[in-house]
Amino acid sequence: MTRMVLLGPPGAGKGTQGQMLAERLGIPQIATGDILRAAVKEGSELGAKAKSYMDAGDLVPDEIMVGIIRDRLQEADAQEGYILDGFPRTVAQAEALDDMLEAIGQKLDHVVHIDVDSEVLVERLSGRLICRDCGASYHTRFSPPAKDRVCDKCGGELFQREDDQEETVRSRLAVFEERTQPLVEYYRQQGIYRQIDGDRDPETVRDEILQAIQGK
Ligand code: AMP
């Protein structure tokens with residue numbers, strides 16, 4: 001049973017690590033960005049509310065995000081643990097999550113901060129390609145797919161996220177510094193915070209995260 005949070009700026013590798021760790025640990029990856037993008041694509045009420053914030057690289061309001069997580073954590077597959085990717089992103093979200101868990105006698109086990117220098121992040125994000133079907137992540141230069149714009153894993157179409165344009169990337173990084181960075185102190189005080197150097201190949205980062213959370 002592992003309930004963990006992956007913390008880190010956009011482009012740090014939360015999605016990639018979340019996916020690899022979920023496979024390894026047999027628990028779901030819950031990525032709020034993916035949930036929101038699916039809602040936008042579906043044209044649901046949630047999608048309509050979230051879209052303008054996402055396009056601008058701003059955070060979607062806390063009440064909306066807390067509601068999404070409250071529902072998602074009640075689903076059957078989340079009862080044996082989960083990896084939160086992209087939530088919480090503000091102290092208010094972290095407090096709401098703690099309250100939610102406390103009410104049912106649970107708590108977070110680990111918060112892993114994947115740390116990467118901001119210039120590296122801009123480079124990573126501006127070349128990033130994502131699979132529309134399975135969410136796998138590629139990079140035009142660093143990890144290109146075998147076939148142009150086609151996912152190696154599932155054959156789905158690869159696309160560039162709208163918010164991965166350089167200007168939006170810079171605002172997302174600024175938002176991280178201002179709104180999400182304070183979570184480092186929040187979780188450090190709880191004694192569950194670990195920082196990992198994310199500027200290495202994905203398998204090395206994954207193994208270090210596993211070591212950190214399994215105490216080996
Ligand atoms: P991500 O895929 O995690 O980079 O998220 C993409 C966008 O979705 C973010 O830039 C925000 O606009 C929104 N978003 C995702 N998760 C959250 C969250 N926990 N709080 C607020 N906004 C979020």
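This passage describes the sheets, one helix packed on a sheet, and the nonpolar cores of a predicted model.

Strands of a sheet pair through backbone hydrogen bonds, either parallel or antiparallel. Both kinds of pairing appear here. One open sheet contains 5 strands with parallel pairing. Their order is S2-S3-S1-S4-S8. Strand S2 (29-31) and strand S8 (193-197) stand at the edges. Each has a single partner strand, so one side of each is left without a neighbour in the sheet. From one strand to the next, the twist averages 25°. Within this sheet, S1 and S3 run parallel and are joined by 5 bridges. Met 4 stands opposite Ile 83 in S3. Helix H9 (residues 202-214) lies across S1, strand S4 (110-115) and S8. The helix runs at about 160° to S8.

Another open sheet has 3 strands, ordered S6-S5-S7, and its pairing is antiparallel. Its edge strands are S6 (137-139) and S7 (158-159), each pairing on one side only. Strand S5 (residues 128-131) is joined to S7 by 2 bridges. Ile 130 stands opposite Phe 159 in S7.

The largest nonpolar core holds 30 residues. Those touching the most other members are Ile 69, Leu 73, Leu 84, Leu 97, Leu 108, Val 111 and Tyr 187. Strands S1 (2-7) and S3 (81-85) each supply at least two residues of this core. So do helices H3 (45-56), H4 (62-72), H5 (91-103) and H8 (182-190). Leu 97 has contacts beyond four places away in sequence, including Phe 87, Pro 88 and Tyr 187. Another core, of 22 residues, lies apart from the largest one. Among its members are Leu 21, Val 120, Leu 173 and Ile 196.

Key: Residues numbered from 1 in each chain as written. Predicted model: local features only at pLDDT ≥ 70, side-chain atom pairs only at ≥ 80, totals over all residues. Heavy atoms only, no water. Core = buried A, V, L, I, M, F, W, Y, C linked by side-chain atoms within 4.5 Å. Buried < 20%, exposed > 50% of the residue type's maximum accessible area, 1.4 Å probe, protein only. Helix = DSSP H or I, 4+ residues; strand = E, 2+ residues; numbered from the N terminus. Contact = heavy atoms within 4.5 Å. Pairing = 2+ DSSP bridges. Axes fitted to C-alpha atoms, helices over the stretch in contact; angles between N-to-C directions.
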